[in-house]
Structures are given as C-alpha cells and as structure tokens.
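Here is a short briefing on one protein chain. Read it with the sequence and coordinates open.

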Amino acid sequence: MAGQITPMMAQYLALKEQAGDCLLFYRMGDFFELFFDDAKVAAGVLDIALTTRGEHGGEPVPMCGVPVHSAEGYLARLIKGGCRVAIAEQVETPEEAKARAKREGTPVSKALVARDIVRFVTAGTLTEEALLEPRRANVLAAIAPVRGSVGVASVDISTGRMELEECGEGALGALLARLGASEVIAPEGRDDTPDGAIERDAREFSSESGDKRLRAIHEVATLDAFGTFSRPMLAAAGGLLAYLDHVGRGTMPLLLPPVARDGAGTLAMDAATRSSLEILEAQGGGRRGSLVAAVDRCVTGAGARQLAEDLSAPLTDRAAIGERLALVGWLHEDQLLRDEVRTALKSLPDIGRALGRVVAGRGSPRDLGQLRDGLGMARQLRDRLRQAEDRPPLLDALLPELAGHGALVDHYGRALVTTPPTERAKGGFIAEGYDHALDDLRQTSGNARRAIAALEAKYRDETGVGSLKIKHNGVLGYFIEVPARHGDALMAADSGFTHRQTLANAVRFNSLHLHEEASRIAEAGAHALAAEEAHFEELVEEAVAAREAIARTAAALARIDVAAGNAERAAEDGWTMPEVVDAPCLEIEGGRHPVVEAALAGSGERFVANDCTLGETDRLWLVGGPNMGGKSTFLRQNALIVLLAQAGCFVPASAARIGLVDRLFSRVGASDNLARGRSTFMVEMVETAAILSQATERSFVILDEVGRGTSTYDGLALAWAVVEAVHDTIACRCLFATHYHELALLADRCEALSLHHVRAREWKGDLVLLHEVAEGSADRSYGLAVAKLAGVPAAVVKRARSVLDKLEKGRAETGGIAAGLGDLPLFAAAVEAEEEQCDTLRDELRALDIDALSPRDALEKLYELKREAGER
C-alpha cells in the first residue's frame, strides 16, 4: 500500500536516528544510497542526479547514490563541503539473513539483510590516504573548560600523535589557531563554545574518565611515566576519547602515549597575527602565497607536516633552536651529502600514516609493504649518516630511532610479495615460499584452471562446436556457452550436458566434470584466501606491537627531511644562519620577505633588501612613507625572520642577530567581520587592545596604520597614545608604520624611538617607489601621486591637489591638527594626573555623611564640589 513503511525503510529510519546530523550512507548492494534531506544535501554538494524511490507519508522519497568502489572520492568532497557521514554497512550475507529468518519463523523471501553503522567519517577522524592531504596534518581537538582554565587535547589520528595542554580562557583562541584543527569537540550547554565546534554530552568531559581511558588504551596503571597532566587536560582527553570511540563504533585509532605540552616553550601568536603573517595559508585561501609554501623544500609528506608544525609553534628555548640550526647548517655545508639524503628520503613511503591505517583496522597489504620498505630504507639511511664526520648533536640523537626493526623488516620481506595490492579480499599478497600449505592450495587451484582449459578443448572436439567456451561469472560460477544455433545439439539427453540458461544469442550448460573442477577451484581458493587473511592478521599484530617504535622512526625521518629541506632552501637564495641570543635586540642586515621575493623572482624582478636594527636604546621605529612604498612588507618580513629563526630555519638575510621573542604580534592590514557585527575599525581596535594587554618587554610587535579607520583627529590621538604605551609601558621591540607625520614630535620625548621612512621620489610628475628604508621622517605622503599611479582620473587628481593646497595653507596658519601637541605631557604623566584628580573628588564624596546633612548644607556642599571640579 502506497505510503506504508517497508521493512527496508524502517531499518533506514532507525539507522538515521542513530546517525543524528550526519549524512547516512546506506549500503545497498554495490551502492551507498542516501534518502530524504540527506539525498538533497549530497546531490547539491556532489553535483549528482537526485531521483525518487517509492513514497513515504504520501510523498515521493528523494534519493541519490554513489558506487561503493569509488565512495572515497565522494566522501572527500562531502567532508570538504562541511558534511559528516555515517557509514551503514551490511553486517550479514543474504544467506545468513535467510537462515536468521528461518530461525525467527519469518518468510525467507522477505528476509532483510541486517545493517549497522560501522563508523562515522568526519573532518578530524580521517585515516584513508585518498581523503588526507599528504603535506598537512589533520588534527582533531577537544576543549574542556574547568574553573577558569581550559584543557585542550589534540590528536592527528593518521599518525597517532596526541598532545595535552592547558591555557587560560582568554588564550584559547590563539591555541586553537596554532593547532589549526579540522574539527573541535566541546561540552554542550556553554555560551563560550568556539564557532563550528561539535557539542557533545558534558559528562564525557571528566578528568576521571580521561585518566581511566588513557590508562586502559596504553595498558598502564598510572600515567606518571608519560608526564604530569592537570585535571583540565585529562577532562579534554576524556571528551576526545569518547568522541573517537563514538565515531569508530568501538574501534579506536592509533593513539601514541600523550605528551604534556607547555605553552611557555613556544612563541605565542594569536589568530590575527597568524592570519596577518599568512604562515600556513594565504589570506585569499589555500597554501599558495603562504610562508610554508615559500619555505617548504621537503621531499616527504611527513617532513612537510613537521615543517608546518615548526612554523606554527616556533621555539623559545635557545638550546633547542640551536640544535635545529646546527643540523640545518651541517647539511647546508655538504651539498653532496644533502643531495644523497634527500634522494633517499624521496623514495620513502609515509610510514607514519600507513601505521595509522594498520592500527585503526583499515590497513591493506600495501600499507604493510610500506612499513617494510620504509623501515628498511630508514636503516640504510642511518648506516650512511653514521659514516659522516662532525655530526651535530641532534642528528646523533635521531640516528638510533632509525634502526631496531630488523626482525619485522625481515619477516615482512619473507611474507609479502614485492608489490602488495591495496585490496586484500582477493588475496595474492603473501609471497610464494612463505607458507607451503598455501602454496599447495594455490597449485591445486592453478592445476584445476589448467584442467578447465583442457576440458574446454576436449568438449570442442567432442561436440564439433569450435566456438564453445567455458566462462565464469558471479551468479552461475563456471559454465559452458555455445552460440544459440548449436544449443539443440547439447540439449540431447545423452549429451552429458545440463541446461542452465538460454539467452538471445547463446545457450549455457553445465557438466559433471566441469562441476567437479569448479568445486576444486572454489574450495582451494576459499582455503587460500582464509590462509592469507590469517597471515595478514598476524602481520598486523606485529606492527601494532611495535607501533611506538615505528612512530618514533617516522618522526625522526620527518625531522631529518625538514633539516635537509631547510638547508636546500637556504642554498637556493643565499639565506643565512641566524644568531639567536637572550639580549632584547633585532639586528638584521639585508633582510627580505621570503614570499614576496619568491613572487618577484617568478616575474624576473629583484627584491630590495633592507636593514633593521632594534636595541635597548632604539627599540621603536616609526616608519613613514607613501602607500605601495613597502612599509607593510618591511614590517612583515622582519616578523617572519624572527619566526623562521625561532622555528630553527635559516633566514632570508645576509646576517641576523635575534633576541629571543616570547610573543609575536602583527596588526598589519584589517578587514571587517560582519558576521560578528564588527567593522574594520572595530577589528583593528580589538587587535590593538590585545597587543596592549598581552605584550611584554620581550615581545616583538608590528603595527601598521593604527587609527586610520576613524576621523583624522580620533585616529591621530589613538596612534599617539598607542605609540606612547608601547614605548613607555610595554617597552618592547616594535615597528610602527604610519601616515601621521605629526607623530614625529614623539621623537623629541621618547628616548628609544627613532624615525624612518621608505624612500620615494617624483620624477617628471611620476612617482618612483624605491622600496628602501632610510633614517629620518618622510617629507610628504605622496598620496596624490599614488592615486595617479593607481589610475584615478586626472581631473579628480587635479581637483584634489587644489583642495590639498587650501588645507595645507590653513594648517600653516593655525598649526593644523598637531597644534599644541608639543605641550602635551608624556602619556604616563597625563594618565596619573587624571587618576589623581578623580581620586581626590572620590575621597571627598566618600567622607560625606549624607544622612547628617540638611538640605541647605547638601546644596552648599554640591556647589563646593562643582567649583573644585572646575578648578581642576
């Protein structure tokens, strides 16, 4: 009856309820089908046809589907489109379904194959090679606010690396920006949950649960051997592990022992700074045009992922930075060895991610082959590097991690064929000679196939039908096929053939001998497949048992690749090893912007290098000059040089001496955030406020055009006050670009402030931008010349010039907006005077006994306070 819920639809709806807000991939034969709203969403994202199937509630049911064999490609597009997917597989065969129906007393003809959700596919829980970006980590994070602090647990389940850390509530945004998580899990019911986070039951985020789950996974009685973990850290781990258990339907992925991360060990950068400096992603989106794209010369995906992590979290430990730089320098000096190392690394498979798939139960024979090949080549690389002289300490620490897998490599070498397949269902991955019983089964199967070929020739001779063939399909198995015109001859009762099927142009038969040979093939083949599957499980268990040692080898190879890639990048463009010191200095000779220089080189242009020398007596530079003159580039390049140096990379400069920076702030350029109700100026002020409240004297700050988003008077006042605050209160190293010439007056009163400008000249009415930073204040803004260069109509530029002449004449007569600023007291003195005045009036008011005053006394006192306020 139309509209009646069929057993299949009832099963689908029950599974959909379990799937929640995930799209449900419902397995039907060789397709994953989607229904109702899921089908509409998927059809839109995947650009596939939307059809209908039957009715539900009197309406046609929307439907679309994707083939099982190519599902990974569709899953990748859905995940990139922001969807999450639940996979519902058939968990029994049709034969098992019929047997179950018999036991339950239901009609066998209506037996429905049981299905269940076997896993959830989400952005942060991918392990499949086809769904992951080789050069980018895929991080899943969970947050757990606990009494003013926030615990954060993060893991890349494709490699198993897990970290636990804690931060203040105000620092969570910066921490999440550093992680760049694909997916964030948070307890439900909170107002401060990050945008886009997936909310889960708050009861899952408990420190007791996190501690218990971690101990069970790693089979230890206490976590003390792994580090010291706070309650917020463990609470976040509890939420993370509960989510992984949910999406894996009880199957946990590869999880290495957790590492406690101390935020103080890395250079702090907030989300605005990371976006401004375009560290891992350009502001227009994508990797191209980012810092990592300009630096990355790694030859392995694991190395590229490690480099991205280094750039996201530069170090603040001089010794650790020095170790990284020493390894880069060692490889930089020996080009032949560097080339040899990079050639060896280039042929390495991604053993970290192969291990992740194997441990997660999604591994293939090819993954085992990658472990065999990768670990074997790692040992060869170790042997080669051990022969080198004057090895740096970091390399000596890494070399032992490249060995220790001899037994596993030897075992896998004997067990697996040279090139194992990606699928194990059809067998063929266990090498000949490894299992003699398996070899016998294969020989039996092979002999039976040869027997079938001989049988085909025999039947042709006996029947006289030269076109007779023995074929095979998944429904009939082996059968004899002849053209329809010869069918009658084989239909005779004494022919020895049994009719199976009649088609339009052919007739199909069976025979006793063919049936016997087919049975031998099927039996031997089934036993062979079962034997290979048993061997596969044994090999997987061996890899799982050695997972931590294999992961350490993968990490060591990635670190060597990063060092060799950094050395190669330095050799390409003459980058130099920075000297990292404790003194609060920034001395850069011939500094360049790595991304801009690479872009200019592509078009055959030369980048103009500039020096930057900040120290205790000259730590704040005011940089003026025209738009397009290179101020923003100069600011960013120095911030990037600091970042690269503390990440352990060589830097684009002829020389660099860099005092350790604890926090890096960049407010260069701004855009509005209309989704959160913030204008461009509001975004600028929020970012500036963060700098003024969080920067320390060991920080490095770059500020560009503070105050430009409001009126001239407000903007100048804000810029003036910010410069004074950075100079007097924070006392950090700072580059401050501005168009307000009036700020030059601050050089007379701020002892550690100096004036600089990017040079430009007008030649025969045209503006020539020199991109050179020179001492002294800018002589003019060249705004009209830039407008002309940008293509503003000549009539508009001419009119603007006449207006400018009038304004400058008025400024000369009145002193302009800077009039009186020379008499303004210093920033700190002005604030203290204002606070002192307010405190005096407040004290007098506190001393009043209002209830004891008559109306006349109260009025007189009010007049007195008003006079006092007016005098002050």
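In this predicted model, Leu 859 sits in helix H28, which spans residues 855-871. Leu 859 has a relative accessibility of 45% and so counts as partly exposed. Leu 859 belongs to a nonpolar surface patch with Leu 862 and Tyr 863. Together the three have about 340 Å² of accessible area.

**Helix H1**

- H1 runs over residues 7-19, a total of 13 residues.
- Its first and last C-alpha atoms are 18 Å apart, close to the 18 Å expected at 1.5 Å a residue.
- Which residues of H1 are buried? They are Met 8, Met 9, Gln 11, Tyr 12, Leu 15 and Ala 19.
- These residues lie on the same side of H1, because they cover an arc of only 155° around the axis.
- An α-helix has 3.6 residues a turn, so residues three or four places apart point the same way.
- Pro 7 and Glu 17 are exposed on the other side of H1.
- Gly 20 comes just after H1 and takes a positive phi of about 65°.

**Helix H10**

- H10 covers residues 301-312 and has 12 residues.
- From first C-alpha to last, H10 reaches 17 Å, close to the 16 Å expected at 1.5 Å a residue.
- H10 is mostly covered, with 10 of its 12 residues buried.
- Among the buried residues of H10 are the glycines Gly 301 and Gly 303.
- Charged residues are also among those buried in H10, including Arg 305 and Asp 310.
- Leu 307 and Leu 311 are buried in H10 as well.

**Positive phi outside glycine**

- Glu 219 is not a glycine, yet its phi is positive, about 55°.
- Glu 219 lies in the loop between helix H6 (207-218) and helix H7 (231-247).
- Is Glu 219 buried or exposed? Its relative accessible area is 71%, so Glu 219 is exposed.
- Asp 390 also has a positive phi, near 55°, and is a residue other than glycine.
- The loop that holds Asp 390 runs between helix H14 (365-386) and helix H15 (393-398).
- Asp 390 is exposed, with a relative accessible area of 69%.

**Salt bridges**

- How many salt bridges does a search of the whole structure find? The search finds 51.
- Side chains of opposite charge can pair when their charged atoms come close.
- Glu 572 and Arg 297 meet through their side chains in a salt bridge, 2.9 Å from N to O.
- This pair links distant parts of the chain, 275 residues apart. Glu 572 is in helix H20 (residues 547-573), and Arg 297 is in the loop between helix H9 (291-295) and H10.
- Glu 572 is partly exposed at 39% relative accessibility, and Arg 297 is partly exposed at 23%.
- Arg 342 and Glu 568 form another salt bridge, with their closest N and O atoms 3.9 Å apart.
- This pair also links distant parts of the chain: Arg 342 is in helix H12 (residues 335-346) and Glu 568 is in helix H20, 226 residues apart.
- Arg 342 is buried, with a relative accessible area of 14%.
- Asp 373 and Arg 372 form a salt bridge at 2.8 Å, N to O.
- Asp 373 is partly exposed at 34% relative accessible area, whereas Arg 372 is buried at 9%.
- Glu 129, Arg 357, Arg 366 and Asp 367 are joined into one network by salt bridges that share partners.

**Cysteines**

- A search of the whole structure finds 0 disulfides.
- A disulfide is a covalent bond between the sulfur atoms of two cysteines.
- Why does Cys 585 have no such bond? The closest cysteine sulfur, in Cys 612, is 11 Å from the sulfur of Cys 585, too far for a bond.
- Cys 585 is buried, with a relative accessible area of 5%.
- The sulfur of Cys 734 has its closest cysteine sulfur in Cys 732, at 5.6 Å, which is too far for a bond.
- Cys 734 counts as buried because its relative accessibility is 0%.

**Gly 715**

- Gly 715 is in helix H24, residues 712-730.
- Gly 715 is buried, with a relative accessible area of 0%.
- Between Gly 715 and Asn 138 there are 42 Å in space, C-alpha to C-alpha, and the two are 577 residues apart in sequence.

Key
Residues are numbered from 1 along each chain as its sequence is written. This is a predicted model: local features need pLDDT of at least 70, side-chain atom pairs count only at pLDDT 80 or more; totals for chains, interfaces and linings use all residues. Side-chain values use heavy atoms; hydrogens and water are left out. Helices (H or I, at least four residues) and strands (E, at least two) are DSSP runs, numbered from the N terminus. The expected span of a helix is 1.5 Å times one less than its number of residues. Buried means under 20% relative accessible area, exposed over 50%, partly exposed in between (1.4 Å probe, protein chains only). The arc is that of the directions from the helix axis to the C-beta atoms. Patches are made of residues with over 30% relative accessible area and no salt bridge: like charges are joined within 9 Å, nonpolar side chains (Val, Leu, Ile, Met, Phe, Trp, Tyr) within 5 Å. Accessible areas come from the Shrake-Rupley method with a 1.4 Å probe; for residues, only the protein chains shown count as cover. A salt bridge is a side-chain nitrogen of Lys or Arg within 4 Å of a carboxyl oxygen of Asp or Glu. A disulfide is a pair of cysteine sulfur atoms within 2.5 Å.
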